[in-house]
Amino acid sequence: MKKLTPLILILILILSACGEKAQQHSEDEHLEVGHEKHLPNGDLQEVTESAAVLPKFLDDKPEDMRLVYQVAASASDVLSYMPCYCGCGESAGHGSNLNCFVDEIREDGSVVWDDHGTRCLVCLEIAVKSVQMKQEGKTMKEIREFIDETYKEGYAEPTDTPMPA
């Protein structure tokens with residue numbers, strides 16, 4: 001039993017350190033414009049003053065990817081109803097395909113960007129196809145049905161995304 005005591009002490013120290021990190025995370029929850037943070041899942045978030053200003057993490061990315069991010073921010077009304085099938089619902093806590101690019105569009109117009117989409121072809125494909133279909137005049141329900149049907153097999157579980165009305 002005495003051999004377990006140091007192990008228990010180490011576990012207690014680790015758990016208390018985790019508790020301090022959780023408290024620190026909640027204190028810096030509201031990032032200011034120009035700041036960034038790394039999330040536990042490896043994603044990077046950065047705040048810009050508006051959707052017109054892309055995050056720095058896109059500076060070295062292809063122009064097509066930068067365009068998808070720009071479109072995602074302007075099509076939040078579409079992408080917030082489209083699930084993502086890359087597994088980010090479980091791994092990153094995303095609620096829709098929008099969250100692969102944008103965590104939040106604040107009341108003041110500032111945007112909390114997420115770099116998840118820079119590493120995921122599934123995220124990019126769903127965003128592009130959804131916006132393209134909306135531009136073609138498809139209803140939100142038609143778009144959602146297409147996305148669900150296309151990605152239902154061979155992909156991860158979808159995010160828990162509400163159905164469009």
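Is S91 buried, exposed or partly exposed, and what is its relative accessible area? S91 is partly exposed, because its relative accessible area is 47%, and partly exposed residues fall between the cut-offs of 20% and 50%. The model is predicted. S91 sits in helix 4, which covers residues 88-91. P40 is 51 residues away from S91 in sequence. In space, the two C-alpha atoms are 9.6 Å apart.

Now the whole chain. It has 165 residues, and 38% of them count as buried. There are six helices and four strands. Read from the N terminus, the order is α-β-β-α-α-α-β-β-α-α. Contacts often link distant parts of the sequence. Among those between residues at least 6 apart, 59% join residues at least 24 apart. The accessible surface comes to about 10000 Å². Carbon and sulfur atoms account for 55% of that surface.

Start with the strands. Strand 1 spans residues 36-38 and runs antiparallel to strand 2, with three bridges joining them. One of the pairings puts K37 opposite Q45 of strand 2. The two strands form a hairpin, with five residues between them. In the turn, G42 has a positive phi of about 100°.

Strand 2 also pairs with strand 4. Four bridges join the two, and they run antiparallel. V47 has V112 of strand 4 as its bridge partner.

How many of the five residues of strand 2 are buried? Five of the five are, so strand 2, residues 44-48, is largely enclosed by the rest of the structure. In a regular strand, side chains alternate between the two faces of the sheet. Here L44, E46 and T48 point one way from strand 2. Q45 and V47 point the other way. Both sets are buried.

Next comes the interior. The largest nonpolar core has 34 residues. Those with the most contacts inside it are Y69, L79, F101, V102, W113, I126 and I147. Several elements give two or more residues to this core: helix 2 (63-74), helix 3 (76-79), strand 4 (111-114), helix 5 (121-135) and helix 6 (140-151). Helix 5 gives the most, with seven residues. V102 shows how one core residue is surrounded. Leaving aside residues up to four places away in sequence, V102 touches A73, V111, V112, W113 and D114.

Helix 2 can be checked for length. Its twelve residues should span 16 Å at 1.5 Å a residue, and its end C-alpha atoms are 17 Å apart, which agrees. Which residues of helix 2 are buried? They are M65, V68, Y69, A72 and A73. Viewed down the axis of helix 2, these buried residues fall within an arc of 130°, so they line one face of the helix. On the other side, E63, D64 and S74 are exposed. The buried residues of helix 2 pack against helix 3, strand 3 (102-105), strand 4 and helix 5.

Helix 5 follows strand 4 in the chain order. It has 15 residues. From first C-alpha to last, helix 5 reaches 21 Å, close to the 21 Å expected at 1.5 Å a residue. Its buried residues are V122, C123, L124, I126, A127, S130, V131 and M133. What covers these residues includes helix 2, helix 3 and helix 6. Just after helix 5, G137 takes a positive phi of about 95°.

Helix 6 ends the tour. Its twelve residues should span 16 Å at 1.5 Å a residue, and the end C-alpha atoms lie 17 Å apart, which agrees. M140, I143, R144, I147, D148 and Y151 are buried in helix 6. Why do these residues count as being on the same side of helix 6? They cover an arc of only 130° around the axis, which puts them on the same side. The buried residues of helix 6 pack against helix 3 and helix 5.

The packing partners link up. Helix 2 packs its buried residues against helix 3 and helix 5, among others. Helix 6 packs its own against helix 3 and helix 5. Helix 2, helix 3, helix 5 and helix 6 are among the elements that give two or more residues to the largest nonpolar core.

Methods
Residues numbered from 1 in each chain as written. Predicted model: local features only at pLDDT ≥ 70, side-chain atom pairs only at ≥ 80, totals over all residues. Heavy atoms only, no water. Buried < 20%, exposed > 50% of the residue type's maximum accessible area, 1.4 Å probe, protein only. Contact = heavy atoms within 4.5 Å. Areas by Shrake-Rupley, 256 points an atom, 1.4 Å probe, with all protein chains shown as cover. Core = buried A, V, L, I, M, F, W, Y, C linked by side-chain atoms within 4.5 Å. Expected span 1.5 Å × (residues − 1). Arc of directions from axis to C-beta. Pairing = 2+ DSSP bridges.
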